[in-house]
Amino acid sequence: MNEVLQFLTENPTFYLATVDGDLPKVRPFGFVMDFEGKLCFCTSNQKDVYKQMKANSNVEICTASKTGQWLRLKGNAVFNTSKQSQQAALDAAPFLKNMYSVDDSIFEIFYIDHAQATISDMTGASKTIQF
């Protein structure tokens with residue numbers, strides 16, 4: 001998991017795909033943290049992305065590095081919102097305080113369960129990490 005966290009941290013704009021009915025929906029994300037050994041992200045429960053993940057937990061994240069590698073991470077979104085996870089997110093990324101606060105009724109934390117990440121490059125090299 002640490003290699004995936006490092007890749008996402010070094011390439012801070014990544015794209016999260018959800019399922020909306022039978023169509024994919026993709027949007028940029030920019031926050032990730034390790035919380036209690038889980039790769040965690042955040043969103044608002046007022047957004048369509050939250051509703052889509054609640055209806056169908058299958059997600060995939062993709063990003064590319066400046067060196068020509070890319071990462072694809074798939075699994076199931078599991079919501080793990082607590083005062084502790086919210087505070088950890090605010091501590092890890094103070095810019096989130098402009099949007100959220102602990103116990104504000106909209107701030108949600110989720111992690112990827114049954115995660116499978118693949119890091120590949122243009123040479124055809126590929127590495128799979130499961131966590």
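The questions and answers below concern a predicted model of one protein chain.

Q: How many helices and strands does the protein chain have?
A: In this predicted model, the order of elements along the sequence is α-β-β-β-β-α-β-β-α-β-β. The secondary structure of the protein chain comes to 3 helices and 8 strands.

Q: What radius of gyration does the protein chain have, and what would a compact globule have?
A: The C-alpha trace spans about 45 × 35 × 25 Å along its principal axes. For 131 residues, a compact globule would have a radius of gyration near 14 Å. The protein chain agrees with this, as its own value is 14 Å.

Q: What share of the residues in the protein chain is buried?
A: A residue counts as buried when its relative accessible area is under 20%. Of the 131 residues in the protein chain, the buried ones make up 41%.

Q: What part of the exposed area do carbon and sulfur atoms supply?
A: The protein chain exposes about 7200 Å². Of this area, the part supplied by carbon and sulfur atoms is 49%.

Q: How far apart are the mean positions of the positive and negative charges?
A: The protein chain has 12 positive and 14 negative charges. Their mean positions are separated by 3 Å.

Q: Which residue in the turn between S1 and S2 has a positive phi?
A: Strand S1 (residues 14-20) and strand S2 (residues 23-29) run antiparallel and are joined by 7 bridges. Asp 20 stands opposite Leu 23 in S2. The two strands form a hairpin with 2 residues between them, and the turn residue with a positive phi, about 70°, is Gly 21.

Q: Which residues of strand S5 point to the buried face?
A: In a regular strand the side chains alternate between the two faces of the sheet. Strand S5 (residues 58-64) shows this alternation, with Asn 58, Glu 60, Cys 62 and Ala 64 on a face where they are not buried. The residues that point to the other face and are buried are Val 59, Ile 61 and Thr 63.

Q: What is the bridge partner of Ala 17 in S5?
A: S1 pairs with S5 in the antiparallel sense, over 3 bridges. Within S5, the partner of Ala 17 is Glu 60.

Q: How many residues lie between S5 and S6 in their hairpin?
A: S5 pairs with strand S6 (residues 69-79) in the antiparallel sense over 7 bridges. One of the partnerships puts Val 59 with Gly 75 in S6. In the turn, Gly 68 has a positive phi of about 95°, and the number of residues between the two strands is 4.

Q: Is Phe 79 buried, partly exposed or exposed?
A: Phe 79 lies in strand S6. Leaving aside residues up to four places away in sequence, Phe 79 touches Thr 43, Tyr 50, Met 53, Lys 54, Glu 108, Ile 109 and Phe 110. The limit for buried is under 20%. Phe 79 has a relative accessible area of 21% and is therefore partly exposed.

Q: Against which strands do the buried residues of H3 pack?
A: Helix H3 covers residues 83-92, and its buried residues are Ser 85, Gln 86, Ala 88, Ala 89 and Leu 90. They pack against strand S3 (33-35) and strand S7 (107-121).

Q: What is the relative accessible area of Met 1?
A: Met 1 lies in the segment before helix H1 (2-10). Apart from residues up to four places away in sequence, Met 1 touches Asp 34, Gly 37, Lys 38, Leu 39, Ile 129 and Phe 131. Met 1 and Ala 117 are 116 residues apart in sequence, but their C-alpha atoms are 8.7 Å apart in space. Met 1 counts as buried because its relative accessible area is 19%.

Q: Where is Asp 103, and what is its relative accessibility?
A: Asp 103 is in the loop between H3 and S7. Although Asp 103 is not a glycine, its phi is positive, at about 65°. Asp 103 counts as exposed, with a relative accessibility of 51%.

Q: In which strand is the residue His 114 found?
A: His 114 has a positive phi, near 50°, in a residue other than glycine. With a relative accessible area of 60%, His 114 is exposed. The strand that holds His 114 is S7.

Definitions and conventions: Residues are numbered from 1 along each chain as its sequence is written. This is a predicted model: local features need pLDDT of at least 70, side-chain atom pairs count only at pLDDT 80 or more; totals for chains, interfaces and linings use all residues. Side-chain values use heavy atoms; hydrogens and water are left out. Buried means under 20% relative accessible area, exposed over 50%, partly exposed in between (1.4 Å probe, protein chains only). Contact means heavy atoms within 4.5 Å. Two strands pair if DSSP finds at least two bridges between them. The radius of gyration is taken over C-alpha atoms; the globule rule is 2.2 Å times the number of residues to the power 0.38. Accessible areas come from the Shrake-Rupley method with a 1.4 Å probe; for residues, only the protein chains shown count as cover. Lys and Arg count as positive and Asp and Glu as negative; His and the chain ends are not counted. The place of a charge is taken as NZ of Lys, CZ of Arg, CG of Asp or CD of Glu.
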